[in-house]
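I sat down with this model to see what I could look up before going back to the bench. Here are my notes, in the order I took them.

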Amino acid sequence: MSRGGGKGLSLKDKLDGNELDLSLCDLNEVPVRELAALPKATVLDLSCNNLISLPSDFCSLMHLVKLDLSKNRLQQLPLDFGRLVNLQHLDLLNNRLVTLPVSFAQLKNLKWLDLKDNPLDPVLAKVAGDCLDEKQCKQAAVKVLQHMKAIQSEQDRQRQRKLQAEREMEKKREAEQRAKEAQERELRKREKAEEKERRRREYDAQKAAKQEMEKKTKKETVQTRKPASSSRPPQPPRHKPSWSRSVLRVLLFVLFCILCTVAACKLTELQRQPLCISVNTLYEDVVAALQNHKTLQNMLQHNSQQ
């Protein structure tokens, strides 16, 4: 293994039991892949190197129990550093750390911690205190874990409040949207009712105008007919034809038909027809009877004069 973290001396050659010492190797990066192949190496010493940061996959080394990162140039730890749940001993002496990731609160098995000689945030520095002996380092681990758990809880509460606020805001927006839609529906309903009322008034007005026009036309027609009827002379009342008048008309019609028949039988070539012969004979008998009757009247009149 070279100083740049490349291949060279095998890590197995540096493994002593469960301890792997990579200190003073002038490392710029951590050989995570090679370390992952050595799950027996639960104690890892990376002190006195040139590490500026740890790769994100470093947190996959969950078999680590003791980790020494002192005297490097680390400016921050990975956000998911709390995945190293089996870690009990952590040495971060003399780095450039200001804060710790919130996931640090998940290191429930951490018993020993050294954060001296780091430009820590004043609150975190006060919580960590000194690590001058075993007791202080153990207290630092307990206090820092409590502090980070408090921060995690506060962040969770803030996240919950933010989520609740977002939900409330979403509900408010939905309520406003529903109110707006209801208002728009009410407006459309009112406009529709107003339009219907306007059309009804127009219909009533047209109907009233039509009725008024019909009344006016009827009045003018009555006024026009009145003078014409008054200027006509009175007509005599019509009498129904009497029964005798009807009989007389029938008799005259029959007499006319008889005269026409006699004339036809006397004056036309039909006189030789059997019907006309009978008619002519009857006619001559009637004439003779009338003449006899007239002679009788004359005789009676003469006798009466004597």
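**Surface and burial.** I started with the outside: the protein exposes about 22,900 Å², and carbon and sulfur atoms supply 54% of that area. I kept in mind that this is a predicted model. Next I looked up how much is tucked away, and found that buried residues make up 25% of the 306 residues.

**Layout.** I listed the secondary structure and got six helices and six strands. Read from the N terminus on, the order is α-β-β-α-β-β-β-β-α-α-α-α. I also checked contacts with a separation of 6 or more, and 35% of them join residues 24 or more positions apart.

**Core.** Which residues have the most contacts inside the largest nonpolar core? I found Leu46, Phe58, Leu67, Phe81, Phe104 and Val144, in a core of 42 residues. The elements that give two or more residues to this core are helix 2 (32-36), helix 3 (122-128) and helix 4 (134-231). Helix 4 gives the most, with four residues.

I then picked leucine 67 for a closer look. Leaving aside neighbours within four places in sequence, I found leucine 67 in contact with Leu44, Leu46, Phe58, Phe81, Leu87, His89, Leu90 and Asp91.

**Cysteines.** I searched the whole structure for disulfides and found one. It is formed by cysteine 131 and cysteine 137, with their sulfur atoms 1.4 Å apart. The torsion about the S-S bond of this pair is about 100°, so the disulfide is right-handed. Is each partner buried or exposed? Cysteine 131 counts as buried at 6% relative accessibility, and cysteine 137 counts as buried at 2%.

I went on to other cysteines. Why is cysteine 257 not bonded to cysteine 260? The closest cysteine sulfur to that of cysteine 257 is in cysteine 260, and the distance of 6.5 Å is too far for a bond. Cysteine 257 counts as partly exposed, at 31% relative accessibility. Cysteine 25, in contrast, is buried, with a relative accessible area of 14%.

**Backbone oddities.** I looked up residues with a positive phi that are not glycine, and noted two of interest. One is leucine 24, with a phi of about 55°. Leucine 24 is found in the loop between strand 2 (19-21) and helix 2, and it counts as exposed at 68% relative accessibility. My other entry is aspartate 117, with a phi of about 60°. Aspartate 117 lies in the loop between strand 6 (112-114) and helix 3, and is exposed with a relative accessible area of 55%.

**A loop lysine.** Where does lysine 40 lie? I found lysine 40 in the loop between helix 2 and strand 3 (43-45), and it counts as exposed at 65% relative accessibility. Lysine 40 and glutamate 19 are 21 residues apart in sequence, and I noted 8.2 Å between their C-alpha atoms.

**Nonpolar patch.** I found a nonpolar surface patch of about 390 Å², made by Leu248, Leu252, Leu255 and Leu259. I placed one of these residues: leucine 252 lies in helix 5 (residues 243-267).

**Salt bridges.** How many salt bridges does the structure hold? My lookup gave 11. In one of them, aspartate 114 pairs with lysine 116, the closest N and O atoms being 2.9 Å apart. I checked burial here too: aspartate 114 is buried, with a relative accessible area of 4%.

Then I followed glutamate 197. Its side chain meets that of arginine 200 in a salt bridge (2.4 Å, N to O). Both residues lie in helix 4, three residues apart, about one turn of the helix. Glutamate 197 also forms a salt bridge with arginine 201, the closest N and O atoms being 3.7 Å apart. That pair lies in helix 4 as well, four residues apart, again about one turn. Salt bridges that share partners join Glu197, Arg200, Arg201 and Asp204 into one network.

Last, I looked up how exposed these partners are. Glutamate 197 counts as partly exposed at 30% relative accessibility. Arginine 200 is partly exposed at 42%, and arginine 201 is partly exposed at 46%.

Technical notes
Residues numbered from 1 in each chain as written. Predicted model: local features only at pLDDT ≥ 70, side-chain atom pairs only at ≥ 80, totals over all residues. Heavy atoms only, no water. Disulfide = S-S within 2.5 Å. Buried < 20%, exposed > 50% of the residue type's maximum accessible area, 1.4 Å probe, protein only. Contact = heavy atoms within 4.5 Å. Areas by Shrake-Rupley, 256 points an atom, 1.4 Å probe, with all protein chains shown as cover. Core = buried A, V, L, I, M, F, W, Y, C linked by side-chain atoms within 4.5 Å. Patch = residues over 30% accessible without salt bridge, like charges linked within 9 Å, V, L, I, M, F, W, Y side chains within 5 Å. Salt bridge = Lys/Arg side-chain N within 4 Å of Asp/Glu carboxyl O.
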